[in-house]
Amino acid sequence: MCRNRTVPVAFIRFAPDLTDAAFAAEFHRVGAAATRADGYAPFNEQSLFDVAAGHRTPFLVMDSEDAGEDAVVGAGILGAGELDLVVEPSRRRLGHGAAALAALLADATGDLQIWSHGDHPAARVLADRFGFTAERTLLQLRMDLSTAAPAGAAAEPGDPARAGIRADLRIDAFRPGQDDGEWVALNALVFAAHPEQGALTVSDLAARQAEPWFSAVDFLVAREAGTERMIGYNWVKIEPDSPVGEIYVVGVHPDAAGRGVGRRLMLAGLDRLRERGCRTADLYVEADSAAAVALYRSIGFTERTVDVQYRRRPR
């Protein structure tokens, strides 16, 4: 095996999906190794859903001069104007990331976005080298539920966490098959400016309901008293046997803004996570969503990691 050359050469091996067992094993091996080394996953949930739906294509990065078992040096997902790329931790700092990007971008002249999960310093260097500019910043916030008292019904009326809640509403569980259309419409309205969340369809919702972690009782819906109109939701996600629960997505109808609906839903979601035995709560939020970030910090969330999305404009 050649390890001394200055510039490695990458070969990109594409597959239509992850149904090939050997290909999938290598793809997941690289992803798992990166997760262990970095503390966060290299591919977000939406990217993996896109692969499963056939919207994007997974690939392996091969060291073209290595014919051994460790020829796979990275993995990624490409398609729909987006690129995800990760180098296997033991093969980093050898130029494989730059070689892979050069190979992938050779014929890609259109608009392209790429995530840097954890705002990795090496990603900043590569972004500058290949003409990408930072466009979005996504914060992962975390809250320790074991040290914070429940903020639900047992809270005192004067509790600062409950200040500003004026909405007359009822919170209950999502009703699969009955609430689907109304929720998709509300979600599209709330996240009209969000490139991923706002584009979810009824089919996308069904795909998430088919996931092992889905439970309708963890999908909290706020309905306006008297009309039963859906005015907000807090969907919490709890992986099997995990002590960490996620505020998966929370939204409030624009007409209900300023009435404390978001705060009420957040408190209900955190109580739900405690009931399910979670010790930690995570959530993701756009850094420029000032009102949402302020709400989450006021409840007790603090910053854990930062993800940056880079964009290369068409040449």
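The second largest pocket in this predicted model has a volume of about 720 Å³. Its lining comprises 29 residues, and those closest to the pocket centre are Val87, His120, Ala122, Ala123 and Leu126. Four elements each give two or more residues to this lining: strand S4 (82-87), helix H3 (96-105), strand S5 (112-116) and helix H4 (121-129). H4 is the top contributor, with 6 residues. What is the chemical make-up of the lining, by class? It has 17 nonpolar residues, 6 polar ones and 6 charged ones.

Strand S4 deserves a closer look. An unreviewed UniProt entry carries the annotation "binding site" for Leu85, Val86 and Val87. Leu85, Val86 and Val87 are included in the lining of the second largest pocket. The record and the computed pocket can therefore be read side by side here, bearing in mind that UniProt annotations may be inferred rather than shown by experiment.

Take Leu85 to begin with. This residue sits in strand S4. Which residues does Leu85 contact, once neighbours within four places in sequence are set aside? They are Phe59, Val61, Ala75, Gly76, Gly97, Ala100 and Leu101. Val87 also belongs to strand S4. Is Val87 buried or exposed? Val87 counts as buried because its relative accessibility is 14%, and the cut-off for buried is under 20%. Not counting residues up to four places away in sequence, Val87 touches Val73, Gly74, Arg92, His96 and Gly97. Gly97 thus appears on the contact list of Leu85 and on that of Val87, as the heavy-atom contact rule defines it.

Gly97 leads on to helix H3. Of the 10 residues in H3, 8 are buried, and the helix is mostly covered. The buried ones are His96, Gly97, Ala98, Ala99, Ala100, Leu101, Leu104 and Leu105. Several of these names have come up already: Gly97, Ala100 and Leu101 are contacts of Leu85, while His96 and Gly97 are contacts of Val87.

Now the nonpolar cores. In soluble globular proteins, nonpolar side chains tend to be buried together. The largest nonpolar core here has 47 residues. Ile247, Met266, Leu270, Leu273, Tyr296 and Phe301 touch the most other members. H3 gives the most to this core, with 6 residues. H3 also helps to line the second largest pocket.

Phe301 shows what such a core residue meets. Leaving out residues up to four places away in sequence, Phe301 touches Leu141, Arg142, Met143, Ile247, Met266, Leu270, Ala281, Asp282, Leu283 and Tyr296. Another core lies apart from the largest one. This other core has 18 residues, including Phe49, Trp183, Ala216 and Phe219.

Next, the enclosed space. How many cavities of 30 Å³ or more are there? The count comes to 1. The largest cavity holds about 40 Å³ of space. Its lining is made of Asn44, Gln46, Ser47, Asp50, Arg56, Glu82, Trp115 and Glu196. Helix H2 (residues 45-53) supplies the largest share of that lining, 3 residues. By class, the cavity lining has 1 nonpolar, 3 polar and 4 charged residues.

A further stretch is annotated in the record. The unreviewed UniProt entry marks Val250, Gly251, Val252, Ala257, Gly258, Arg259, Gly260, Val261, Gly262 and Arg263 as "binding site". Gly262 has its place in helix H7 (residues 261-275). Gly262 is buried, with a relative accessible area of 15%. Beyond its neighbours within four places in sequence, Gly262 is in contact with Val252 and Leu295. Val252 is itself one of the annotated residues. Arg263 also lies in H7. Arg263 is buried too, with a relative accessible area of 15%.

The last stop is a loop. Where is Pro16 found? Pro16 is in the loop between strand S1 (10-14) and helix H1 (21-38). Pro16 counts as exposed because its relative accessibility is 68%, against a cut-off of over 50%. Pro16 and Gly54 are 38 residues apart in sequence, with their C-alpha atoms 7.5 Å apart in space.

Notes:
Residues are numbered from 1 along each chain as its sequence is written. This is a predicted model: local features need pLDDT of at least 70, side-chain atom pairs count only at pLDDT 80 or more; totals for chains, interfaces and linings use all residues. Side-chain values use heavy atoms; hydrogens and water are left out. On a 1 Å grid over the protein atoms alone, a cavity is a set of points where a 1.4 Å probe fits but cannot get out, and a pocket is an open set with protein on both sides within 12 Å along at least five of seven lines; lining residues have an atom within 4 Å of a point. Grid points are joined across faces, edges and corners, and a volume is the space filled by probe spheres set on the points. Ala, Val, Leu, Ile, Met, Phe, Trp, Tyr, Cys and Pro count as nonpolar, Asp, Glu, Lys and Arg as charged, and the others, Gly among them, as polar. A nonpolar core is a set of buried Ala, Val, Leu, Ile, Met, Phe, Trp, Tyr and Cys residues joined through side-chain atoms within 4.5 Å. Buried means under 20% relative accessible area, exposed over 50%, partly exposed in between (1.4 Å probe, protein chains only). Contact means heavy atoms within 4.5 Å.
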